[in-house]
Amino acid sequence: GGEQQMLAIGRGLMLNPKLLMLDEPSLGVAPVLVERIMDRITQINKMMGTTILLVEQNSSDALEISNRAYVLQTGEVVLSGNAEDVSASDTVRKAYLGL
């Protein structure tokens, strides 16, 4: 559940880092808890001033809380920019957001 992910994030925050790198924090988490995790990530960024590097396949949730976004395809950056522009891209909407 979400407890393990929250614990992992908490452990990462113990040294008050300037950069927190998170790999798939929503993986294996009940959908109802994904929103809580994303909210906490946003709070960490805003309240603590910690930069977050988030790797996430749940692209719609990740783009909602991000300032910048990079789309990787087979290890190459195929699109980058502010998250709002990336999420508005027709390519991203079709391939990653299912819209």
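Val-32, Glu-35, Lys-46 and Met-47 are exposed on one side of helix H2. On the opposite side, Val-34, Ile-37, Met-38, Ile-41 and Ile-44 are buried. Seen down the helix axis, the buried residues of H2 fall within an arc of 115°, so they line one face. The model is predicted. This briefing covers helix H2, helix H1 and the largest pocket.

**Helix H2**

- H2 runs over residues 31–48 and has 18 residues.
- At 1.5 Å a residue, H2 should span 26 Å; its end C-alpha atoms lie 26 Å apart, which agrees.
- An α-helix has 3.6 residues a turn, so residues three or four places apart point the same way.
- The buried residues of H2 pack against two helices, H1 (2–13) and H3 (59–65).
- They also pack against strands S1 (19–23) and S2 (51–55).
- Gly-49 follows H2, and its phi is positive, near 75°.

**Lys-46**

- Lys-46 is part of helix H2.
- Its relative accessible area is 67%. The cut-off for exposed is over 50%, so Lys-46 counts as exposed.
- Val-77 is 31 residues from Lys-46 along the chain. Their C-alpha atoms are separated by 27 Å.

**Helix H1**

- H1 has twelve residues.
- From first C-alpha to last, H1 reaches 17 Å, close to the 16 Å expected at 1.5 Å a residue.
- Gly-2, Gln-5, Ile-9 and Leu-13 are the buried residues in H1. They cover an arc of only 80° around the axis, which puts them on the same side of H1.
- The other side of H1 carries the exposed residues Glu-3, Gln-4, Leu-7 and Arg-11.
- S1 and H2 are among the elements that cover the buried residues of H1.

**Largest pocket**

- Rolling a probe the size of a water molecule over the atoms shows where empty space is left.
- The largest pocket holds about 890 Å³ of space.
- Its lining has 27 residues. Leu-54, Ser-66, Arg-68, Ala-69 and Tyr-70 lie nearest the pocket centre.
- By class, the lining has 15 nonpolar, seven polar and five charged residues.
- H2, S2, H3 and strand S3 (68–73) each supply at least two residues of this lining.

**Where the topics meet**

- H2 packs its buried residues against H1, among other elements, and H2 also supplies at least two residues of the pocket lining.
- S2 and H3 likewise pack against the buried residues of H2 and contribute to the lining of the largest pocket.

Terms used. Residues numbered from 1 in each chain as written. Predicted model: local features only at pLDDT ≥ 70, side-chain atom pairs only at ≥ 80, totals over all residues. Heavy atoms only, no water. Helix = DSSP H or I, 4+ residues; strand = E, 2+ residues; numbered from the N terminus. Expected span 1.5 Å × (residues − 1). Buried < 20%, exposed > 50% of the residue type's maximum accessible area, 1.4 Å probe, protein only. Arc of directions from axis to C-beta. Contact = heavy atoms within 4.5 Å. 1 Å grid on protein atoms, 1.4 Å probe; cavity = no way out; pocket = protein on both sides within 12 Å on 5 of 7 lines; lining within 4 Å. Points joined across faces, edges and corners; volume = space filled by probe spheres on them. Nonpolar A, V, L, I, M, F, W, Y, C, P; charged D, E, K, R; others polar.
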